[in-house]
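The exercises below concern helix packing and charged side-chain pairs, and each is followed by a worked solution. Please keep the sequence and the coordinates open while working through them.

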Amino acid sequence: MDIQTTVAFIDDDDDLRDANRQTLELAGFSVMPFADSMSALQVLTPDFTGVVVTDVRMPHIDGLELFRRLRAMDPDLPVILVTGHGDIDMAVEAMQDGAYDFIAKPYPAERLVQSIMRGAEKRRLVIENRELRLALETSDDNLPLIGQTPVMQNLRKTLRHVANADVDVLIAGETGTGKEVAASLLHEWSRRKRGNFVALNCGALPETVIESELFGHEAGAFTGAQKKRVGRIEHASGGTLFLDEIESMPLSTQVKLLRVLETREITPLGTNDHRAVDLRVVAAAKVDLGSPQQRANFREDLFYRLNVVTISIPPLRERRDDIPLLFTHFLQRAAARFKSETPELTGALRSRLMDHDWPGNVRELSHFAERVALGLEETAIQPAGPDTSILNLPLAMEQHEAKLIRDALSANNGDVRSTIETLGIPRKTFYDKLQRHGIDRSDYAQRTPGD
């Protein structure tokens, strides 16, 4: 176990309690032993991160009442009931009411250890889901740049520090990391937030269009220019101009942009008039413009003019601990949009989130969350409740076998020969199974009046 699980073990039998404490500690658990239910109730809270194991037969507050009180406090707390053979029907009913598991006496230590390990994994996922929801509730609205890793905390700190410096900024990051979100935060956190935030993807426009988009034009400046158009640069005056994929900007446009950055003036197509602009430029690139090999046809002088401040956004694979938090946000948002319930973060889903490298980064994660919310990722949304974590195949077979033996004993009034003929097993195997399942044959023997 990577993180030591705490087990609250309640039993009024001092010897059994001490023996089980030693067994569980040898298995790597941290044990909190209690001699009665009231002592346990004074300590256990909804924040308890471990598993509760309690005997059913105890004075004052028995194990079933303890389970009911714990369930009322926290319905997701795993409670394992330890029962004698006469309490099995009650234990089964308690499981239907939400108890995590029941173990019949006598039981091998490994049976208890395995049940606790499964319960601990379920509890860990429950606590993690709660912490994720709390983190989202207490965070600001600047998603998806939310993150608890040091690199994201430093990123937000840098953005706030640079926001009011009113200098041009170059944002570096892979596709889908959230470069436009970072640019919009620089705008929102600055004194320019009353102005326009104008975004332009340089890689999405052909060379014949981009100059008109940026600088504007007068009516008749070229064929098809029937009326005057204010360009993105002028529209961003007093605010922020965000140029995404700036490495894709044509060389001829780069020359004109460099002049705008140096003079803070524009000359729309079709006129010789110079118009002053008051803007901040935030440019983003998915390649390293500081590297001559990656920069390719990007002008070196424009790079240095933009590179007053450079902010790097890390890819998801370099901040994996933020993935569950981001995914939970996207999943809740998608579920709200699709008007569906938000699936829980299961162990299988968490493993898939953490094992994938997410080459598409935040954008890819967001799309994956949408598919999960729509139920299109079946292997990722297996339920995390008792049906899968308790009734795995070995345990289901064990419980079914015990039921078959009890049914056969009941049908044959406890007669050994008739029972083993019904079951079709050797006598020694029959007695071994009675011991393993904690079944007392005499409970099924036919009684005569007066017995």
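**Exercise 1.** How many salt bridges does the structure hold?

*Solution.* In this predicted model, the structure holds 29 salt bridges. Among the residues involved, Asp74, Asp76, Arg123 and Arg130 are joined into one network by salt bridges that share partners.

**Exercise 2.** Determine whether the partners in the salt bridge of Asp101 with Arg118, and in that of Arg229 with Glu213, are buried or partly exposed.

*Solution.* Begin with Asp101 and Arg118, whose closest N and O atoms are 4.0 Å apart; this pair links strand β5, which holds Asp101, to helix α5, which holds Arg118, across 17 residues. Buried means under 20% relative accessible area, so Asp101 at 0% counts as buried, and Arg118 is buried because its value is 18%.

Turn next to Arg229 and Glu213, which meet at 3.0 Å, N to O, with Arg229 in the loop between α8 and α9 and Glu213 in helix α8, 16 residues apart. Arg229 is partly exposed at 35% relative accessibility, whereas Glu213, with 12%, is buried.

**Exercise 3.** Classify the relative orientation of helices α8 and α10, and list the residues that make their contact.

*Solution.* The axes of α8 (residues 207-215) and α10 (residues 251-263) come within 10 Å and cross at roughly 15 degrees. Angles under 35 degrees count as roughly parallel, and the two helices are therefore roughly parallel to each other. The crossing of α8 past α10 is left-handed. On the α8 side, the contact is made by Glu207, Ile210, Glu211, Leu214 and Phe215, and on the α10 side by Ser252, Thr253, Lys256, Leu257 and Val260. Sorted by class, this contact has five nonpolar, two polar and three charged residues.

Notes: Residues are numbered from 1 along each chain as its sequence is written. This is a predicted model: local features need pLDDT of at least 70, side-chain atom pairs count only at pLDDT 80 or more; totals for chains, interfaces and linings use all residues. Side-chain values use heavy atoms; hydrogens and water are left out. Axes are lines fitted to C-alpha atoms, for helices over the stretch in contact, and angles run from 0 to 180 degrees between N-to-C directions. Helices (H or I, at least four residues) and strands (E, at least two) are DSSP runs, numbered from the N terminus. Angles under 35 degrees count as roughly parallel, over 145 as roughly antiparallel, 65 to 115 as roughly perpendicular and the rest as oblique. A crossing is left-handed if the near helix is turned anticlockwise from the far one by less than a right angle, and right-handed if clockwise. Contact means heavy atoms within 4.5 Å. Ala, Val, Leu, Ile, Met, Phe, Trp, Tyr, Cys and Pro count as nonpolar, Asp, Glu, Lys and Arg as charged, and the others, Gly among them, as polar. A salt bridge is a side-chain nitrogen of Lys or Arg within 4 Å of a carboxyl oxygen of Asp or Glu. Buried means under 20% relative accessible area, exposed over 50%, partly exposed in between (1.4 Å probe, protein chains only).
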